[in-house]
Amino acid sequence: MSNEFETLVPVIDISSWVLGDAAARDNVAAAVDRACRTVGFMQITGHGLPDSTVAALMNAIDSVFALDAEVKARYQAPRPSVNRGYAPPKSERLSYSLGVDSPADMFEAFNVGVTLDAPAGIDPDMYPDNIWPDPAASPNFEADTQCWLDAVGGLARTMTSIFAHALGVGSGFFESRTDRSIDVLRMVNYVIPEGETLERGQLGMGAHTDYGIVTILWADAVPGLEILGPDGEWQSVTPQPGALLINLGDLLARWTNDQYRSTMHRVVPPADADGRSIRRRSAAFFHDGNADAVVSTLRTCRDNSGGSPYDDVTVAEHLAQKLRGSRGLELNQHAGREAARIETSVRNWPIGGKNPPKVT
C-alpha cells in the first residue's frame with residue numbers, strides 16, 4: 001500500500017484565521033479550500049484546544065469502555081433512531097448507510113450530543129436526551145465529555161466559517177443553518193476479542209462517508225484509518241502529534257455539488273507488526289446542521305443550466321436515511337452516488353477474505 005496519499009492530506013495551521021489579518025485569513029481559507037476540493041481530509045494545527053481538554057477526552061473514553069459488558073449494555077439506546085448511548089461490537093454496519101452489504105463492524109461506541117428541543121414537525125429522536133453512565137461507575141465521564149463537546153463545537157463553527165469564506169457565500173451562510181445543529185460525539189474503541197475470528201471482508205468499521213457537514217476526529221497514533229484515494233486505492237492516514245483530522249460529510253458535498261469531497265473511509269482491524277490485535281481509540285464529533293435546514297445545491301456550484309444531480313433534502317431526512325442503514329441495519333436506497341464510489345475499491349476490499357462488497 002502506497003504512502004503517497006499521506007502527502008495529499010495537508011497539515012494546515014488555522015491559527016491565522018482567528019489571529020491574523022485579512023491576507024492571512026485568505027491564505028487559510030485558500031489552503032482549506034484546496035484540501036476540500038482535492039482530498040476531503042486535512043489535519044489542522046493551531047486549533048487552540050489545550051492538552052488538558054484532550055486528556056479529559058481520553059479519560060472519558062478509557063473510563064466508559066473499561067466498564068463490564070453487562071454494565072455497558074444498560075446504556076444502549078431504546079431504538080436505532082436515538083443516536084445516543086452504548087453500541088456493542090457487531091451491532092452496526094456503517095456500509096449499510098451506503099446501501100452496501102458487508103459483515104458487522106468490529107467496534108464498540110458510546111455517543112453523546114447536544115440536547116435541544118426539536119422544532120415543530122421534527123422527530124424528537126433527532127434531539128434526544130443523553131444516556132449517561134452511572135457516576136459511581138464512571139465518575140468524571142459527563143464532565144469530561146462535555147468539556148470536549150464545548151471545545152470542538154466551537155472549532156466546528158470555525159471550520160464552517162472558513163468554508164463559507166472560501167465558497168464566497170457570506171460569513172452567515174452556515175450560522176443560520178447550524179444555530180441548532182445536531183451535534184454528536186462518538187467515542188469508539190476498536191479491539192478484536194481474544195479468540196474472535198473475522199469473517200471475510202469484516203472490518204473495524206466498514207467503508208462509509210460521513211453524513212453531515214464536517215467531522216472533527218481525534219484518534220490515537222495507532223494505524224487503522226484508511227481513505228479511498230483518487231486512484232481507487234485505500235491509503236492509511238495517521239494523525240500527527242497535536243493535530244486533529246478534519247473531513248467533510250455528505251451534506252457539504254450536496255451543497256457544493258461534490259466540488260467539496262465527502263471522502264470514503266474505513267478502519268481496518270488494528271494490529272501490531274506481528275499481526276496481533278491491538279487497541280485503537282478515536283472520537284469523532286459530527287457537526288450536522290439544524291434538523292429543519294434545507295440542503296440545496298449552491299447556485300454557484302450548479303451546472304451551466306442551473307441543475308444539480310442532488311434533490312433538496314432536510315438535514316433530518318438525510319440523517320434518518322443514514323441511521324436506518326448503519327444502526328437500523330436497513331440497506332439505504334437513497335445513497336446511489338455515494339455507493340458508486342465504493343465500486344472502485346472492490347479489488348482492494350477484503351480484509352481477511354475474498355468477497356467484495358455487494359452494492360444493492
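Me: What makes the radius of gyration of the protein chain agree with that of a compact globule?
Reply: In this predicted model, the protein chain has a radius of gyration of 19 Å, and a compact globule with 360 residues would have one near 21 Å, so the value agrees. Along the principal axes, the C-alpha trace spans about 55 × 45 × 45 Å. Within these dimensions the chain has nine helices and 16 strands.

Me: How much of the protein chain counts as buried, and what does that word require?
Reply: Of the 360 residues, 54% count as buried, which means that their relative accessible area is under 20%. The chain exposes about 15,000 Å², with carbon and sulfur atoms supplying 49% of that area. As for contacts with a separation of 6 or more, 80% come from residues 24 or more positions apart.

Me: Why is the pair of F163 and Y260 called edge-to-face?
Reply: The ring centres of F163 and Y260 are 6.1 Å apart and their planes form an angle of 75°. Pairing requires centres within 6.5 Å, and edge-to-face requires planes over 60 degrees apart, so both conditions are met. This is one of seven aromatic pairs that a search of the whole structure finds.

Me: Which parts of the chain does the pair of F163 and Y260 tie together?
Reply: F163 belongs to helix α5 (residues 141-167), while Y260 is in the loop between α7 (250-255) and β12 (265-267), so the pair ties together parts that are 97 residues apart in sequence. F163 has a relative accessible area of 0% and is buried; Y260 is also buried, at 0%. Elsewhere, F110, W132 and F141 form one aromatic cluster.

Me: How do you know that the charged end of R25 sits over the ring of W17?
Reply: The charged end of R25 is 3.9 Å from the centre of the W17 ring, and the distance condition is within 6 Å. The charged end of R177 likewise sits over the ring of F173, 3.9 Å from its centre.

Me: Why is the contact between R79 and D125 called a salt bridge?
Reply: The side chains of R79 and D125 meet at 2.9 Å, N to O. The cut-off is 4 Å, so the pair qualifies as a salt bridge. R79 lies in the loop between α4 (69-72) and β3 (85-87) and D125 in the loop between β5 (107-113) and α5, 46 residues apart. Side chains of opposite charge can pair when their charged atoms come close. The whole structure holds 12 salt bridges by this search.

Me: Why does D125 count as buried, and how is R79 classed?
Reply: D125 has 12% relative accessibility, and the limit for buried is under 20%, so D125 counts as buried. R79, at 41%, is partly exposed, because that class runs between 20% and 50%.

Me: What makes the salt bridge of E196 and K90 a link between separate parts of the sequence?
Reply: The side chains of E196 and K90 meet at 2.9 Å, N to O. E196 lies in the loop between β6 (181-190) and β7 (205-208) and K90 in the loop between β3 and β4 (100-101), so the pair ties together parts 106 residues apart in sequence. E196 is partly exposed at 31% relative accessible area, as is K90 at 39%.

Me: Are R281 and D220 buried or exposed, and to which network do they belong?
Reply: Both R281 and D220 are buried. Their side chains meet in a salt bridge of 3.1 Å, N to O. D62, D220, R279 and R281 are linked in a network of salt bridges.

Definitions and conventions:
Residues are numbered from 1 along each chain as its sequence is written. This is a predicted model: local features need pLDDT of at least 70, side-chain atom pairs count only at pLDDT 80 or more; totals for chains, interfaces and linings use all residues. Side-chain values use heavy atoms; hydrogens and water are left out. Rings of Phe, Tyr and Trp (its six-membered ring) pair if their centres lie within 6.5 Å; planes under 30 degrees apart count as stacked, over 60 as edge-to-face and the rest as tilted. Helices (H or I, at least four residues) and strands (E, at least two) are DSSP runs, numbered from the N terminus. Buried means under 20% relative accessible area, exposed over 50%, partly exposed in between (1.4 Å probe, protein chains only). A charge sits over a ring if NZ of Lys or CZ of Arg is within 6 Å of the ring centre and within 35 degrees of the ring normal. The radius of gyration is taken over C-alpha atoms; the globule rule is 2.2 Å times the number of residues to the power 0.38. Contact means heavy atoms within 4.5 Å. Accessible areas come from the Shrake-Rupley method with a 1.4 Å probe; for residues, only the protein chains shown count as cover.
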